[in-house]
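Visitor: I have a structure open here and want to talk it through. Can you take my questions as they come?

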Amino acid sequence: MFQIRLFVGIVAILFFIATFEFIRKGRLREEYAILWLSTSSIIAILSLWPGLVSVLSEATGLYYITAVLAIFFSFLIAVLMHYSITISKMKETNKELIQKCALLELRVRDLEHGRSQ
Amino acid sequence: MDRRVAVVIPAYNEEKSIAGVIRGVKALGAGYHVVVINDSSRDGTTRNAEAEGAVVIELPVNLGIGGAVQTGFKYAFEHGFDAAVQVDGDGQHPPDQIPLLVEPLFEGGVDMVVGSRLLASGYRMTFMRGLGIRLISLFLRTFTGMSVRDATSGFRAVNRGLMNFFARSYPQDYPEPESLLLAFLKGFKVAEVSVRMDYRKYGNSSITPFRAVYYMTKVLLAMFIDLFREV
C-alpha cells in the first residue's frame, strides 16, 4: 500500500511541477492549467490521505486500487470531453476564417482587375 | 427578369463537367449569376469556370459540401442577391430546371424550394440510398409534419431570408436533410417541386454503400438533437 501511495504522490508532484513550468513558459493556457493543477492537487491529496480513498472504496464497494483508478479515469474522461468541445469550437472558428479568407481573396482579385461586383 | 439570382455551384475536382453547367445557367438569361465555390480542387476547376465567365471563390482548405455551400450563401447575401440556387457541379442538376425552383420563391409564400427527382416516377437509385431517403422523409413527417420526399436533394433554392440564416448557421457534413429541418424549426416554409435530374457523367457519388450506414446514423442523430436545440 505504501508503495502505491509513494508512486502516486511522486507522479502528482511531477505533474504539478510540469504544469507550473508549462504555464510559466507560456505554452499552456490558464484555462487548461486550472484543470490540470486541480487534477494533480487532488491526486496528491489522495496519496497523502489514503483514508479518503478508503471512504470512497467503502461507499462504492470498489477495491482500494480500483478506486484510485476510478478517480484517474474520471479525470481523464473529463479532460477528453473538454478536448472534444475545444476541437469542435476550433473547427467552427477555423471554418469561419477559411470562408472569410476566400471571400476577401475574391474581393482583392476583383479590385486588382478593376471589377466591381 | 429584374431579380438577381445567384447560382451557387460547390465544386471539388469537376474540371470536366463545370463548364457545361455554367453554360447551361448562362443560357437562362441575364438575371442568373454563377458563383463557383472551388473546395480546394487540385484540377482545372477554377480555370475552366473562369473561362466561362463565372465568379470563382477559392477555399484555401477543403471544407466539404456544407462549408462550400455556406460560403456561396454568404457571398450571395453580401452581394444583395434576391435568391440563391444550389446546383451540383457534376452535371446531375440540369440548369434548365432552375427556373422551376426559383419561380415559387418569387410568387411568395415559400422561403425554400427543393427539387425532387422522386415526385415523378422512374429515377433509379441503389436500395440503400432509397431506404435512407425514406427514413429521413419519415423522420421529417413524424416530427415536423413536413412533406419532403427527396430530402437529400442538393438541388434547391432559397430566398434572402433563408440565405441570411444559412450564412450564419449551416450544417457541415451532410447538410441537405438537416438544413431542411433547421429552416422549418426557424419558421421558414419549405416546398418541394418535381424536377428532372440526370445521372452523373464523370466521377463517383461521394456516398458509397459502406458510408451509407454512417451517413444515416449521423444525419438522424444530428436531426434528433436539432429538435431540442434553439435555432
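Visitor: How many helices and strands does chain A have?
Guide: This is a predicted model. In it, chain A has four helices and zero strands. Along the sequence the pattern reads α-α-α-α.

Visitor: What radius of gyration does chain A have, set against a compact globule?
Guide: Chain A has 24 Å, while a compact globule of 117 residues would come out near 13 Å. The box that the C-alpha atoms of chain A fill along the principal axes is roughly 80 × 30 × 15 Å.

Visitor: At what angle do helix 1 and helix 2 of chain A pack?
Guide: About 160°, with the axes of helix 1 (residues 2–24) and helix 2 (residues 30–48) of chain A 8 Å apart. That angle makes helix 1 of chain A roughly antiparallel to helix 2 of chain A. The crossing of helix 1 of chain A with helix 2 of chain A is left-handed.

Visitor: Which residues make that contact?
Guide: From helix 1 of chain A they are A:R5, A:V8, A:G9, A:A12, A:I13, A:F15, A:F16, A:T19 and A:I23. Helix 2 of chain A contributes A:E30, A:A33, A:W36, A:L37, A:S40, A:I43, A:A44, A:S47 and A:L48.

Visitor: And how many of them are nonpolar, polar or charged?
Guide: The contact of helix 1 with helix 2 of chain A has 12 nonpolar, four polar and two charged residues.

Visitor: Moving to chain B. How many helices and strands there?
Guide: Chain B has eight helices and seven strands.

Visitor: What about the radius of gyration of chain B?
Guide: Chain B has 16 Å, which agrees with the value near 17 Å for a compact globule of 231 residues. Along the principal axes, the C-alpha atoms of chain B fill a box of roughly 45 × 40 × 35 Å.

Visitor: What order do the strands take in the sheet?
Guide: The order is 3-2-1-4-6-5-7 in chain B, in an open sheet of seven strands with mixed pairing.

Visitor: Which strands stand at the edges?
Guide: Strand 3 (55–58) and strand 7 (190–194) of chain B. Each has a single partner strand, so one side of each is left without a neighbour in the sheet. On average, neighbouring strands of this sheet are turned by 20° against each other, direction ignored.

Visitor: In what sense do strand 5 and strand 7 of chain B pair?
Guide: Strand 7 of chain B pairs with strand 5 (residues 112–116) of chain B in the parallel sense, over five bridges. Within the two strands, B:V113 stands opposite B:A191 of strand 7 of chain B.

Visitor: Which strands does helix 3 of chain B touch?
Guide: Helix 3 (residues 64–78) of chain B packs on the sheet and touches strand 1 (5–11), strand 2 (32–38), strand 3 and strand 4 (83–86) of chain B. The direction of helix 3 makes about 155° with that of strand 1 of chain B.

Visitor: And helix 6 of chain B, which strands does that touch?
Guide: Helix 6 (residues 160–168) of chain B also packs on the sheet, touching strand 4, strand 5 and strand 6 (156–159) of chain B. Its direction makes about 100° with that of strand 6 of chain B.

Visitor: Back to helices. How do helix 5 and helix 8 of chain B pack?
Guide: Helix 5 (residues 127–144) and helix 8 (residues 209–226) of chain B pack at an angle of about 5°, with axes 10 Å apart. Helix 5 and helix 8 of chain B are therefore roughly parallel to each other. Residues in the contact include B:L135 and B:F139 of helix 5 of chain B, and B:Y215 and B:M216 of helix 8 of chain B. By class, the contact of helix 5 with helix 8 of chain B has 11 nonpolar, one polar and one charged residues.

Visitor: What's the angle between helix 5 and helix 7 of chain B?
Guide: About 10°, with the axes of helix 5 and helix 7 (residues 175–185) of chain B 11 Å apart. The contact is made by B:I136, B:L140 and B:T144 of helix 5 of chain B with B:P177, B:L180, B:L181 and B:F184 of helix 7 of chain B.

Visitor: Last topic. How many residues does each chain bring to the contact between chain A and chain B?
Guide: Chain B brings 13 residues and chain A brings nine residues.

Visitor: Which element of chain B gives the most?
Guide: Helix 3 of chain B, with five residues on the side that touches chain A. That side of chain B divides into seven nonpolar, four polar and two charged residues.

Methods. Residues are numbered from 1 along each chain as its sequence is written. Chains are lettered from A and ligands numbered from 1 in the order in which they are written. This is a predicted model: local features need pLDDT of at least 70, side-chain atom pairs count only at pLDDT 80 or more; totals for chains, interfaces and linings use all residues. Axes are lines fitted to C-alpha atoms, for helices over the stretch in contact, and angles run from 0 to 180 degrees between N-to-C directions. Angles under 35 degrees count as roughly parallel, over 145 as roughly antiparallel, 65 to 115 as roughly perpendicular and the rest as oblique. A crossing is left-handed if the near helix is turned anticlockwise from the far one by less than a right angle, and right-handed if clockwise. Two residues are in contact if their C-beta atoms, placed from the backbone, lie within 7 Å. Ala, Val, Leu, Ile, Met, Phe, Trp, Tyr, Cys and Pro count as nonpolar, Asp, Glu, Lys and Arg as charged, and the others, Gly among them, as polar. Two strands pair if DSSP finds at least two bridges between them. The radius of gyration is taken over C-alpha atoms; the globule rule is 2.2 Å times the number of residues to the power 0.38.
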